[in-house]
Amino acid sequence: MPFLENRNPPPQDDYDVAIIGCGVSGANIARRLSAYDVKTAILEKAADVSFGTSKANSGIVHGGFHHNKKYLKARLEIQGNLMFDQLRRELDFPFKRNGIIVAALHEDEMKAVGHLYMQGVENGVIGIELCSRERILDLEPKLSPDTVGGLYAPGGGMVEPYRFVFALVESAVKNGVHLYTDFKVNAAAYDAAAYDAAAHDAAAHDGGAWTVRAEDGRTVKARYVVNSAGLYADEVSRIFGGEEFRIKVRKGEYFLMDRLTRARPERVVFPVPTAVSKGMLVIPTVEGTVLVGPTADMVEDKTDYSTTAAHLEEILESGKAMIPSLSRNDVITSFAGLRPCLEEDFYIEASARAPAFVQVAGIQSPGLTASPAIGLYVKDLLKGMGLNLTEKARWDPFVKDRPRFRELNPYEQDSLIAADPRWGNIVCRCEKVSEAEIIQAVRLGHYTLDGIKYFARAQMGRCQGGFCTYKIIKIIMRETGLSWEEITKHGGASRLLETEL
Ligand SMILES: Cc1cc2nc3c(=O)[nH]c(=O)nc-3n(C[C@H](O)[C@H](O)[C@H](O)COP(=O)(O)OP(=O)(O)OC[C@H]3O[C@@H](n4cnc5c(N)ncnc54)[C@H](O)[C@@H]3O)c2cc1C
């Protein structure tokens, strides 16, 4: 099958670093390491990357004013935010700095707004502004006339999170990183005498190596292991004999609104935050739709992605308080994301209990924003632990630009169709996704229905795949040779069609 080179190669026993979990944290770490002569493997339990928390979030590149600089997460958020422009140039993923607004609906909320403003100033947020009623309504005319003032951070923005992860992984793999999918790590053992430390020039490393085993029996060996397993980082830590901690789960439910809604704001609109949450927002996604949410409720089950009518009522009411023109008629669907919560801060440290083991845990919001800086931070941690980092003589930071048909002008569309008529065969009519884009997704290794949805946006529009799913299944079968019984929504047992009637 024409899948990505370096994807699921035969398991090897000479990796320098194995990264467990490929959400936005693992992907940034892998891509950063790919610039060095370091042999790296990503071990991901799902059928594709970005299928954990990194697939269902608000997609905001935060503005750097919500958290105090005493927290690591705040420092990495500020640094990460500033790294997005260069990453966008190199990796061609949807990203826009459309700015963030915090809208105060009562005079008594202005004290909290003033606090956020001062925090932003202390954090060095560029261009942050305390706004009068006139100024905030000028910046965002769709806000409620009850708005009394607020805050504006022009450096905040929106990113398409899955496409960001896909591009990071494509770049890492292109530069030699090996990606193993369907690799659920369930056992590990450390052999302190596995390597000759002197041969690896690693004074701070004892010369040992981890043997990491997947549920299906595959094993790889690596001198260092990074635990970026999101909601399951506590279980992975336990497998490696690392620190004992418990990841708690805070669920966030959303409404997704059609791109035709008249309530779409220009900027991300936040309410004034509470002590536990940034509140429910109105988010103009970089793809053109609108998100309203998320809620913030502790749940026990790490697989509970359900949404409830009661919560969705609450979300709509909260959104309408800020933007009254929001209408339930524009709602396409609802979904939920799960925040992996630990204490108040990120936990990114070399383990004090397990050798050559780095914890990247508790990466809740603003993890997406901070992720490019997490990549740098972990690279430096590994260096401090003895990993030899020699820059590659030839590292290519760029991935190919991959145009989206719906975003091109008619001349550009015509020239693509002239070169390959499959650009003119629109498979997903809601999001105007062509057959050529779906083939591209499959050839890059995204061959589940969700993988194609996150890469190409087919099934993301108003009909939510009602019209195009069967056409996509046929393209996957043709391109991969998979039978229809083998096509899944998101890997594992999520098959769509059964043989028995
Ligand atoms: C509702 C919500 C809204 C948010 N909004 C924002 C926002 O607007 N801006 C922002 O900056 N941040 C936001 N965040 C936070 C952000 O989404 C997360 O910080 C980020 O996605 C975490 O990425 P991660 O790679 O650490 O974890 P994940 O994306 O969960 O990746 C972990 C990976 O590990 C894999 N894995 C788990 N166990 C194993 C195993 N045993 N073996 C192999 N692989 C394994 C999983 O399959 C998964 O792919 C939000 C989060 C939520 C839930």
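I count two residues as in contact if their C-beta atoms, placed from the backbone, lie within 7 Å. The model is a predicted one: local features need pLDDT of at least 70, side-chain atom pairs count only at pLDDT 80 or more, and totals for chains, interfaces and linings use all residues. Residues are numbered from 1 along each chain as its sequence is written.

**Entry 1. Domains**

I looked up the domain assignment, whose bounds come from an automatic or database source. It gives the protein chain domain 1 (1-96 + 159-246 + 344-401), domain 2 (97-158 + 248-341) and domain 3 (405-486). I then checked domain 1 against domain 3 and found 14 residues of the former in contact with 11 residues of the latter. The side of domain 1 that touches domain 3 has eight nonpolar, one polar and five charged residues. In this classing Ala, Val, Leu, Ile, Met, Phe, Trp, Tyr, Cys and Pro are nonpolar, Asp, Glu, Lys and Arg are charged, and the others, Gly among them, are polar. The C-alpha centres of these two domains lie 30 Å apart.

**Entry 2. Ligand shell**

I took a residue as near the ligand if its C-beta atom, placed from the backbone, lies within 6 Å of it. Of the 41 residues around the ligand, Gly21, Gly23, Gly230, Gly252 and Gly367 come nearest. Helix H1 (24-33), E18 and H8 are the elements that give two or more residues to this shell. Helices (H or I, at least four residues) and strands (E, at least two) are DSSP runs, numbered from the N terminus. By class I noted 18 nonpolar, 19 polar and four charged residues in the shell. Domain 1 and domain 2 both give residues to the shell, so the ligand lies between them.

**Entry 3. Helices H2 and H8**

I examined bends, each being the angle between axes fitted to the seven residues ending at a residue and the seven starting there. H2 (residues 72-91) bends by about 35° at phenylalanine 84, and H8 has a kink of about 40° centred on alanine 373.

For burial I used the count of other C-beta atoms within 10 Å of a residue's own, with C-beta atoms placed from the backbone: 20 or more is buried, 12 or fewer exposed, and in between partly exposed. The buried residues of H2 include Leu76, Ile78, Phe84 and Leu87. Their cover includes strands E3 (60-61), E4 (95-96) and E8 (157-159), and helices H5 (161-174) and H8 (367-384). In H8, 13 of the 18 residues are buried, so this helix is largely enclosed by the rest of the structure.

I also read phi after each helix. Aspartate 92, just after H2, has a positive phi of about 50°; glycine 386, which follows H8, has a positive phi near 110°.

**Entry 4. Strands**

Two strands pair if DSSP finds at least two bridges between them. E3, E8 and E4 form an open sheet of three strands in the order E3-E8-E4, with antiparallel pairing. E3 and E4 are at the edges with a single partner strand each, so one side of each has no neighbour in the sheet. Two bridges join E3 to E8, and valine 61 has glycine 157 of E8 as its bridge partner.

I turned next to E13 (residues 248-257), where seven of the 10 residues are buried. E13 pairs antiparallel with E18 (residues 331-341) over 10 bridges, and tyrosine 254 stands opposite phenylalanine 335 in E18. E13 also pairs antiparallel with E17 (residues 297-299) over three bridges, where lysine 251 has aspartate 297 as its bridge partner. A further antiparallel pairing of three bridges joins E13 to E16 (residues 290-293), with valine 292 in E16 the bridge partner of phenylalanine 255.
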